[in-house]
Amino acid sequence: MVTVSAPGKIHLIGEHAVVYGEPAIIASVGLRCRLLVQNSGSIIFRDGKSTEEFGIGDVLSFADNADLLWKSGFEKNDFSGLFELMKSEKSNFKKMAAGKVLKALKIKSGAEIRIESDIPAGVGGMGSSAVFAVSLTKAIAGLNSKKLSLDEINRVAYEIEKIQHGNPSGGDNAACCYGGLVWFKRSSPSNIIEPLNIGYELENFVIVNSGSRERTTGELVQHVRKLGESYRNPRIKALGVATSEMRDALRKHDFGTVKELINLAQRNLAELGVSTGNIDKIAKSVRDIGGAAKLCGAGGGGFMLCYCEDKKKLTGTIKKLGFEPIETALGVEGVRTDR
Ligand code: MEV
C-alpha cells in the first residue's frame, strides 16, 4: 500500500492572464487530496460513496481517444468536442487520468485507489483536477517502485490537465506539485516555476465557497479566449502588471498594496465575464469592511480568497451573508508520500 497526498491551490493573483503569458502567484493550501493505493488487476476508484472499476485496456484506449480529440481541438483552437466527451460521464476524468499515468510511466498493471480528499468536489477554484493528477502520478509511480522527481510528476500531471482543460497554463499542477508560494509564468520551451520566498507566513486570509460553478475551467478559459482581443488584452495586461506589483508588495510585507491589487484583480476578472452575483456580493461586503476579495482560478462560482487584517470581522461578515469561511494555511508542502 502506498499513501500519497498533495495540497489544493489558490491563486493570490494572475489567473486567466497566466494563460496569455502573464505571471501568476499561486499558493498551495492546507486542504489535501490523499490517495491510498494498492495493487489490483484493474483500475478501481473508491471514494467512500462510490466504487468505479475499469479494465486497464479501457482506461488506455479512453486516454488515446482523448489525446486525439485534444490534438484536433488544439489545431482548431476549440476544445468543445473534447469537453463534451469529458463531461459525458462523471468518471471520465479519473479514467483519463489513470490512462495517461499508465501510458506516461509505461505501466501495464492495475491499481485500487482509495480517495480521501479535504477538497470539496465540484466547487472549483482550488485545483481539484490538478491535485488529483499530481497525487495519482506519484501514487502509481510509487506502487510500481518508480522514483519520479517533482519535475517528472509535474510534467505528467500537466498532460492530464491539458486533456481536462484544453490549453491550461500549467500553474495549477505546479502549485499542487511543488507546494509553497509559486511564481509561475508560461514560457517556451518550459514554464517558469519559481518558489516565492517571502520569509513569513501568510495570515488573515480565508477561503469561501461562493457556490458550485456551472461552467468548467476549460469552458471559462474558452469564454475569455473568445472575447475580442481589443477588449481582453488591456485587462490581461493589467492583471500581469498587478501580479508583478503583488510580488514586490508581498516581499515588503505591504498589505495595503496587496489589498488594492486583490481588489483590482477582482475588477478585471469580473470585466472578463468570469465573476458571478455571489462573488460580487461577497467581494463588495469584504471591501466595505476595508478588506479585499477575489474569485480564484477560472471563476464562474467556486472558491474565493478574502483578506482583512481584522480576521474576526472578516469571518463575521462572510457568515452574515450566509457563507462559510474556511480558515486554512497557505504555502504548505507539495506532493509527498505519507506514512
Ligand atoms: C485555473 O485554476 C486557472 C486559469 O488561469 C487557467 C490556467 O491557468 O490554466 C483560469
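In the next few minutes I will go through the ligand site, one pair of helices and two backbone details of this structure, which is a predicted model.

Let me begin with the ligand, around which we find Lys9, His11, Glu15, His16, Val18, Val19, Pro168, Ser169, Asp172, Val221, Gly297 and Ala298. If we sort this shell by residue class, five of its residues are nonpolar, four are polar and three are charged.

Which atoms of the protein lie close enough to oxygen atoms of the ligand to count as polar contacts, for which the cut-off is 3.5 Å? From the side chain of lysine 9, an N or O atom is 3.1 Å from a ligand oxygen, and from the side chain of aspartate 172, an N or O atom is 2.7 Å from a ligand oxygen. With histidine 16 the partner is a backbone N or O atom, which lies 2.8 Å from an oxygen atom of the ligand. As for how much of the ligand is covered, the ligand taken alone exposes 300 Å², and the protein buries 97% of that.

Histidine 16 deserves a second look, since its phi is positive, at about 65°, although this residue is not a glycine. On the chain, histidine 16 sits in the loop that runs between strand 1 (2–13) and strand 2 (24–40).

Aspartate 172 also brings us to the helices, where it is one of the helix 6 residues that meet helix 5. Two packed helices are described by the angle between their axes and the distance between those axes. For helix 5 (residues 150–165) and helix 6 (residues 171–178), the axes come within 9 Å and cross at roughly 145°, and the crossing is right-handed. On the helix 5 side the contact is made by Leu150, Asp151, Ile153, Asn154, Ala157, Tyr158 and Glu161, and on the helix 6 side by Asp172, Asn173, Ala174, Cys177 and Tyr178. By class, this contact comprises seven nonpolar, two polar and three charged residues.

My last point concerns a peptide bond, namely the one joining serine 188 and proline 189, which is cis, with omega at about 5°. Where should you look for proline 189? You will find proline 189 in the loop between strand 6 (181–185) and strand 7 (192–195).

Note on methods: Residues numbered from 1 in each chain as written. Predicted model: local features only at pLDDT ≥ 70, side-chain atom pairs only at ≥ 80, totals over all residues. Heavy atoms only, no water. Near = heavy atom within 4 Å. Polar contact = N/O pair within 3.5 Å; in protein donor to acceptor, adjacent residues only side chain to side chain. Areas by Shrake-Rupley, 256 points an atom, 1.4 Å probe, with all protein chains shown as cover. Nonpolar A, V, L, I, M, F, W, Y, C, P; charged D, E, K, R; others polar. Axes fitted to C-alpha atoms, helices over the stretch in contact; angles between N-to-C directions. Helix = DSSP H or I, 4+ residues; strand = E, 2+ residues; numbered from the N terminus. Left-handed = near helix turned anticlockwise from the far one by under 90°. Contact = heavy atoms within 4.5 Å.
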